[in-house]
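This report covers a ligand shell, a pair of domains and one helix.

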Amino acid sequence: MPTLRDENGFLTLGGVRLIDLLADHSTPTYAYDLDGITAEARDLRTAFDDAPHLVAYAVKANSAGAIVRSLASQGCGADVVSGAELQVALGAGVPPHRIVYSGVAKRDDELRLALRVDGQGILAVQLESLEEIARIDAIARSLGLRGQVSIRMNPSVDFDTLDTHAFIATGHDEAKFGVARADMSDALDRVLRSSCLELVGIAVHVGSQFTSTAAYVEAARVAFEVAREARNKGASLRFVDTGGGFGIDYGQGCPVRPCDFVRAARQAQRDAQLDDLALFVEPGRALVAAHGVLLARVLQPKVSGARRWLLVDAGMNDLLRPALYQAHHRVVSLEPVEGPQETWRVAGPVCESSDDFGMHSLPSVPPRAVALLDAGAYGYTMASRYNGRELAPEVFLRGGLVESSTARQPTEHWVEERLRAGLL
Ligand SMILES: Cc1ncc(COP(=O)(O)O)c(C=O)c1O
C-alpha cells in the first residue's frame, strides 16, 4: 500500500508526511514516490526471468521527466504516442533503440522525427493502418532511410471479453486503433514489399485497467499467430508486443498483479513456439498510478437538507478520470482520523456537474486537506486549464525526502495569453 498512516495517524507517501508538504506547496498539487515507481518496474521485470524482453513504459500515463528518467534507469524503454512524448523519452535518457511509437494518426513531422533520431531512428514505429504504411514508406523514401516498423493489429477481441470501461477498450472491431485482423495479411505484404521499411515486430494493445488476464491473453495469442504468419512470409521479426492495460486496485480490489499479465503472455508465446522473439509489454498505469496522489485543501462544506458536499480546491481539470470514465479515486484525510465520520460528496470548483469525485467517508468535522489516491497515472497528463485554472505543480519524493518539484504556473499568465490571443 503506497500511502500509509504513520504512528500518529498522518497520511504518508514514500515516507513523507503529506500534510507537511503543504507548508511549502499550494494546492492542488500532485506528489509522487519515485522509489515506489522504480520498485514497481523492478518487480515487473522479474516476471520475464532471463527471457529477452522490453518493458516499454507508456509515457502517456505520466510524462514527468523525473518519472521517465527513474524508469529508464531500471532498463525500461518507452511507448510514446506523439512527437512531444518521443522528445520527453529521449530527453529523459531512454535510448532510441528502446522506444516504440504507437498512435492512430501521426503527423508527417512526427514520423520524420522518429525515423531520423540519432541517424538510426527508434526501435519501431507501430503502424496502425494500411494508409499509414503508404505514408511512412513515402517519408522514409524521401529521407533516403530504411525505417524499422511494427504493425499494431486490432485483434478483434469480443467486446464482452474486454472487461473494462468502453472508453478504454481498444481491441474490438469498432475501435479506431490498429490494423484490422482481416487486413493483416495485406499489411504484412505491403511492408515486406517496401525497400524502405523493415518489419521488426507485431503489436497489440487491447485496452486499459483490465482486472483479469482473459482479454490480454486472447489478444496475445492472435499476435503470436500473426507473428508466425509474418515469419512464413519471410519477415525477420525481433519482437511481439502484447501491449499495456494491467489493472490496479482503485479500492474495489484487483485480483491480478502486473506480473500475472506477463506470465500469461509468456505462456501464449511458449504455446506458439516463438520463444526466440523478444516479448514487449507497454504498461503505463500499473507502474505509476498507485505511487501518486493529488493533494487538495478543503475550501468549505456545503450542506443543504440531506445533501452534504465537501468542496475542495482540486477539480476535474486536475484529475479528469472521474468525469471522463466514471472512475472512483478514494479521498482520505491527510490528518489523523478522529471522531465521527460521515458520507460526504466530494466536489471541485469547476463549473460542470461532472466535477464530482463521488461519495467518501470522511470526518464529520471536515479535515483541512485531503488526498485523492492512485492519481499517478492519467492525472497530470490529462490536466487542462479549463475555467482559467492553473496546472497543478508536481512534487517528486525519493528516499523519504522531496527530491524536486515543479513551479506553479500562475493564472496571470493565462489571463495575459487569452487577452493577447488574436491581437498579433
Ligand atoms: C498503445 C498503448 N500502449 C500502452 C498503453 C498503456 O495502457 P495502461 O496505462 O493501461 O497500461 C496505452 C494506453 O492507452 C496505449 O494506448
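The shell around the ligand consists of 6 nonpolar, 8 polar and 4 charged residues; Ala, Val, Leu, Ile, Met, Phe, Trp, Tyr, Cys and Pro count as nonpolar, Asp, Glu, Lys and Arg as charged, and the others, Gly among them, as polar. A58, S208, G244, G284 and R285 come nearest among the 18 residues around the ligand, where near means a C-beta atom, placed from the backbone, within 6 Å.

The model is predicted: local features need pLDDT of at least 70, side-chain atom pairs count only at pLDDT 80 or more, and totals for chains, interfaces and linings use all residues. Residues are numbered from 1 along each chain as its sequence is written.

The domain bounds come from an automatic or database domain assignment. In the table, contact means C-beta atoms, placed from the backbone, within 7 Å.

| Domain | Residue range | Residues in the contact |
|---|---|---|
| domain 1 | 3-32 + 289-420 | 9 residues |
| domain 2 | 103-281 | 6 residues |

The centres of the two domains, taken over C-alpha atoms, are 35 Å apart. On domain 1, the side touching domain 2 has 5 nonpolar, 2 polar and 2 charged residues.

Helix α6 spans residues 130-143; helices are DSSP runs (H or I, at least four residues), numbered from the N terminus. Its buried residues (20 or more other C-beta atoms within 10 Å of their own) are E132, I133, I136, D137, I139 and A140. Seen down the axis of α6, these fall within an arc of 170°, taken from the directions from the helix axis to the C-beta atoms, so they line one face. E131 and S142, both exposed (12 or fewer such atoms), sit on the face turned away from the buried side. After α6 comes G144, with a positive phi near 70°.

Technical notes: Contact = placed C-beta atoms within 7 Å. Helix = DSSP H or I, 4+ residues; strand = E, 2+ residues; numbered from the N terminus. Expected span 1.5 Å × (residues − 1).
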